[in-house]
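Me: Please take a close look at a single part of this protein. Pick one spot, then work outward to what lies around it. Keep it brisk.

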Amino acid sequence: SASGEVPAGLLIEHSLGPLESLSPTELAVLYFFARGQTRGEIAHAMNRSEHTVHEHFKGIHAKMNISRQQDLAALVAELGLRGFTPQQWRLLTGAPV
């Protein structure tokens, strides 16, 4: 079924491409961000403080060489990261979502 497929923008030769350098926790933050969740909502979902989530975003920005959430949102769209179920994201990235 189409709902079980991984978006083609990300899965190229079973590689995470530009996301390879992200930690599992950063990949989890990115997953929730891609679903449109706020920092507070991400903190709640991950059982972390908002400060901790902010620090993870700083790490993601540094590794992706971007400086604004707006640029991260554009990257998420470009890579087709919005269509994943938690199960698909865990399988692809190993991230704890």
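**From one loop residue to the helices**

Reply: Leucine 81 is buried: its relative accessible area is 2%, and under 20% counts as buried. Bear in mind that this is a predicted model. Leucine 81 sits in the loop between H4 and H5. Its link to another part of the chain is worth noting. Arginine 35 lies 46 residues away from leucine 81 in sequence, yet their C-alpha atoms are 8.5 Å apart in space.

Now take the helices, starting with H1. Helix H1 covers residues 24-34. Nine of its 11 residues are buried, so H1 is mostly covered. The buried set is Glu26, Leu27, Ala28, Val29, Leu30, Tyr31, Phe32, Phe33 and Ala34. These residues pack against four helices: H2, H3 (50-64), H4 (69-79) and H5. After H1 comes glycine 36, with a positive phi near 85°.

Next, the pairing of H1 with H4. Their axes are 10 Å apart, and the packing angle is about 85°. The two helices are therefore roughly perpendicular to each other, as angles of 65 to 115 degrees are counted that way. By class, this contact has six nonpolar residues, one polar residue and no charged ones. H1 brings Leu30, Phe33 and Ala34. H4 answers with Gln69, Leu72, Ala73 and Val76. The polar member is Gln69, because Leu, Phe, Ala and Val count as nonpolar.

On the other side of the loop is H5. This helix runs over residues 86-93, and its buried residues are Gln88, Trp89, Leu92 and Thr93. Viewed down the H5 axis, they fall within an arc of 105°, so they line one face of the helix. What do the buried residues of H5 pack against? They pack against H1. H5 also has a glycine after it: glycine 94, whose phi is positive, near 80°.

Last, the confidence. The protein averages a pLDDT of 84, and 85% of the residues score at least 70. Among its elements, H5 has the lowest mean pLDDT, 85. Helix H2 (residues 39-46) has the highest, 96.

To recap: leucine 81 is a buried residue, placed in the loop between H4 and H5. H4 and H5 are both among the helices that the buried residues of H1 pack against.

Technical notes:
Residues are numbered from 1 along each chain as its sequence is written. This is a predicted model: local features need pLDDT of at least 70, side-chain atom pairs count only at pLDDT 80 or more; totals for chains, interfaces and linings use all residues. Side-chain values use heavy atoms; hydrogens and water are left out. Buried means under 20% relative accessible area, exposed over 50%, partly exposed in between (1.4 Å probe, protein chains only). The arc is that of the directions from the helix axis to the C-beta atoms. Contact means heavy atoms within 4.5 Å. pLDDT is the predictor's confidence in each residue, from 0 to 100. Axes are lines fitted to C-alpha atoms, for helices over the stretch in contact, and angles run from 0 to 180 degrees between N-to-C directions. Angles under 35 degrees count as roughly parallel, over 145 as roughly antiparallel, 65 to 115 as roughly perpendicular and the rest as oblique.
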